[in-house]
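The exercises below are to be solved with the sequence and the coordinates at hand. Each task is followed by a solution in steps.

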Amino acid sequence: VSFLVDSSVKWSEIYDAIMAKKNELLRDVKFVDEYKGKQIPAGKKSVTIRLVIGSGEKTLTGAEIEQVAKSTVKKLSKVINIEIRA
């Protein structure tokens, strides 16, 4: 998942926001990359994360995985005001 966030937001804030009251299928979240450059608006940075989604009980469907990803993005949008990169 790649998104724009204020350049002052730290990785620990993103991680804590995701892991607080997380979906039971969300195992972990990993930092992948951070980018600041001319394609990124002033005062923002692009952050890419990897969501580790899984179940010890069954194989997940695409819809279940998508729901976990969408709920995580929605939570980040509310808590730290991210914008998804298209």
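**Exercise 1. Determine in which loop Lys21 is found, and characterise its backbone and its exposure.**

Step 1. Lys21 is found in the loop between α1 and β2, where helices (H or I, at least four residues) and strands (E, at least two) are DSSP runs, numbered from the N terminus.

Step 2. The phi angle of Lys21 is near 50°, a positive value in a residue other than glycine.

Step 3. Lys21 has a relative accessible area of 84% and is exposed; buried means under 20% relative accessible area, exposed over 50%, and partly exposed in between (1.4 Å probe, protein chains only).

Step 4. Asn81 also calls for attention: this residue is not a glycine, yet its phi is positive, at about 60°. Asn81 lies in the loop between α2 and β4.

Before going on, note that this is a predicted model, in which local features need pLDDT of at least 70 and side-chain atom pairs count only at pLDDT 80 or more, while totals for chains, interfaces and linings use all residues. Residues are numbered from 1 along each chain as its sequence is written, and side-chain values use heavy atoms, with hydrogens and water left out.

**Exercise 2. Derive the order of secondary structure elements and the arrangement of the sheet.**

Step 1. The chain contains two helices and four strands, and along the sequence they follow the pattern β-α-β-β-α-β.

Step 2. The four strands form an open sheet in the order β2-β3-β1-β4, and the pairing is antiparallel; two strands pair if DSSP finds at least two bridges between them. β2 (26-35) and β4 (83-84) stand at the edges with a single partner strand each, so one side of each has no neighbour in the sheet.

Step 3. As background, strands of a sheet pair through backbone hydrogen bonds, either parallel or antiparallel.

**Exercise 3. State how many bridges join each pair of strands, and name residue partners.**

Step 1. β2 and β3 pair over eight bridges in the antiparallel sense. Lys30 has Arg50 in β3 as its bridge partner.

Step 2. β1 and β3 are joined over five bridges, again antiparallel. Here Phe3 stands opposite Val47, and Asp6 stands opposite Lys44.

Step 3. Strand β1 (residues 2-6) and β4 pair in the antiparallel sense over two bridges. Phe3 stands opposite Ile84 in β4, while Leu4 has Glu83 as its bridge partner in that strand.

**Exercise 4. Describe how the two helices lie relative to the strands.**

Step 1. Helix α1 (residues 11-19) lies across β1, β2 and β3 (44-53), and runs at about 155° to β2.

Step 2. Helix α2 (residues 62-80) lies across β1, β2, β3 and β4, and runs at about 145° to β3.

Step 3. For these angles, axes are lines fitted to C-alpha atoms, for helices over the stretch in contact, and angles run from 0 to 180 degrees between N-to-C directions.

**Exercise 5. Determine whether Ile49 and Thr72 are buried or exposed, and list their contacts.**

Step 1. Ile49 is found in strand β3 and counts as buried at 4% relative accessibility.

Step 2. Not counting residues up to four places away in sequence, Ile49 touches Val1, Phe3, Trp11, Ile18, Val29, Lys30, Val32 and Leu76; contact means heavy atoms within 4.5 Å. The C-alpha atoms of Ile49 and Val29 are separated by 6.8 Å, although the two residues are 20 residues apart along the chain.

Step 3. Thr72, found in helix α2, is buried with a relative accessible area of 6%. Its contacts, leaving aside neighbours within four places in sequence, are Ile18, Leu26 and Leu51.

**Exercise 6. Summarise the chain as a whole: its extent, burial and contact separation.**

Step 1. The C-alpha trace spans about 45 × 25 × 20 Å along its principal axes.

Step 2. Of the 86 residues in the chain, 30% are buried.

Step 3. Among the contacts in the chain with a separation of 6 or more, 63% are between residues 24 or more positions apart.
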